[in-house]
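I opened this notebook to record, entry by entry, what I looked up in one model and what I found there. The coordinates come first, and the notes follow.

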Amino acid sequence: MKKNNYFKLCVAIAIIFIAASCNKNADKNFTQANNNPKTVTEEMMSESGANPDEQSITVESTAASNNTESAVGNSNGHYLYTESNEAGNNRILVYKIKYNGSLNYEGATASGGMGTGAILGSSQGALVLDKEHEWLYAVNAGSNSVSSFKVNNDGSVTLADTQNSGGMQPFSVSVSGNLLYVLNHGSDNIQGFRITENGKLHPIQNSNQPLSSKAVDAPQISFTPNGDFIVVTEKTTNVIATFKVKNNGSVNAGLFTTSVGATPFGFAFSRNQFMIVSNAEGGTANAGSATSYTIEGNGKLNDINGAIKDFGTAPCWFAVTKYGRFAYTTNTATNNISSYYVAPWGGIYLVQKEAATTDTQPLDIVVAANNYFVYELNGTAHSIGGYHRTFFGGLQSMGSTPNLPTGSSGLATY
């Protein structure tokens, strides 16, 4: 029986790689000019049966049901991280992801700084893993600092360094190679650091740049997938800032583009190029939306097919699947998750306005490394909700992990 399951798993994995290869060519030939339907269909989302995000559901659901190792493979297991954001000593909380997607609390490590004691409600990316998941980085919003941690084989983390964030109340952090940038929400600026091999953080000269103005309520900072730009959303100004990264790691002054859709909040990059942004629309009831952008060589943003409503209230946090075909946003005021399909040309289409219901006040959301499990952090409920993906953008609840500290913020996983 085990050999038979193993054979099925190997065949499914092969299908994924073939599908991914086929889709690389499909993306090149499938343009907005020759096909831009107004509504999404299952046929469109299946991509002629070669959608790798759909194929991975088959593989991972088999692994989960057989209680076997994930197809993405990791002999040491997979882990999920959040930070307590406690006013005294901030801590990094570690959870092991079991084969069936449930979470097992493994312990906590002092972050080297302080939190604020309340959830960072205007923050996506309070902590982040590097591409190789060897290092974890986190903000300490209560002590104006950022910390680096070595990720150990058992998923635990060891504090390596803590540095002043270059501003007030750091809310979000992003990493690309040996560069790290932090968004200082309280002082409306960004600061860059160079990361050494031992995890030490060294401030980069001329990397401290202001946002468009004061009190912009900026929630997130992130490198683009190629590392050429740093992007920051500004909620009160309805602006998205882009900063060109120079060869020495510093950045040019920001270029500020008016967002398509009000109150731009969280964002993620889909198909390794398109920027998908949630628009909270000022919290207006059932008016939430999302917008897909391309980024020009000078950093200017161009929307692809406008602000697409999800009919939720206050969509704030965003996550995309491994191959970028689907995107999920948490609607903080309506306690649910909406799903979008991202077409090869970057246009987005609402699939399910309520792909899943959540506990109260869903915040950060992430897709696990196996591209099957999805987790979101609930602010008022102090819980982490778990789901597994179903076909065509759906989600099925796996239950919640309760009893998180009151101020818990941010999610990172591998």
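The entries below go through strands and their pairing, and then salt bridges.

**Entry 1: status of the model.** I note at the outset that this is a predicted model, and I read everything that follows with that in mind.

**Entry 2: a four-stranded sheet.** I began with an open sheet of four strands, for which I wrote down the order β3-β2-β1-β29, with antiparallel pairing. The edges are taken by β3 (103-110) and β29 (409-413), and because each has a single partner strand, one side of each is left without a neighbour in the sheet. I also looked up the twist, which averages 20 degrees from one strand to the next.

Within this sheet I followed one pairing in detail: β2, residues 91-97, runs antiparallel to β3, and the two are joined over seven bridges. To fix the register I took Y95, whose bridge partner in β3 is Y105.

**Entry 3: strand β27 and its two partners.** Is β27 enclosed by the rest of the structure or not, I asked, and how many of its residues are buried? The strand covers residues 383-390, and seven of its eight residues are buried, so β27 is largely enclosed by the rest of the structure.

I then turned to its pairing with β26 (residues 373-378), which is antiparallel and extends over six bridges; here F373 stands opposite H388 of β27. The two strands form a hairpin with four residues between them, and in the turn I found H382 with a positive phi of about 55 degrees.

With β28 (residues 394-401), β27 pairs in the antiparallel sense over seven bridges, and the bridge partner of T390 in β28 is G394. This pair is also a hairpin, with three residues between the strands, and F392 in its turn has a positive phi of about 60 degrees.

**Entry 4: salt bridges around E47.** I searched the whole structure for salt bridges, and four were found. Which residues does E47 share a network of salt bridges with? The network links E47 with R271 and R325, and I took its two contacts in turn.

In the contact between R271 and E47, the closest N and O atoms are 2.6 Å apart. R271 sits in the loop between β17 (264-270) and β18 (274-279), while E47 sits in the loop between α2 (42-46) and α3 (52-65), so this pair ties together parts that are 224 residues apart in sequence.

For the contact between R325 and E47, I noted 3.3 Å between the closest N and O atoms. Since R325 lies in the loop between β21 (315-320) and β22 (326-331) and E47 in the loop between α2 and α3, the pair ties together parts that are 278 residues apart in sequence.

I checked the accessibility of the residues involved: R271 has a relative accessible area of 9% and is buried, E47 is buried at 11%, and R325 is buried as well.

**Entry 5: the salt bridge of R91 and E86.** I closed with the side chains of R91 and E86, which meet in a salt bridge with an N to O distance of 2.8 Å. Are these two residues buried or partly exposed? R91 counts as partly exposed at 26% relative accessibility, and E86, at 26% relative accessibility, counts as partly exposed too.

Key
Residues are numbered from 1 along each chain as its sequence is written. This is a predicted model: local features need pLDDT of at least 70, side-chain atom pairs count only at pLDDT 80 or more; totals for chains, interfaces and linings use all residues. Side-chain values use heavy atoms; hydrogens and water are left out. Two strands pair if DSSP finds at least two bridges between them. Axes are lines fitted to C-alpha atoms, for helices over the stretch in contact, and angles run from 0 to 180 degrees between N-to-C directions. Buried means under 20% relative accessible area, exposed over 50%, partly exposed in between (1.4 Å probe, protein chains only).
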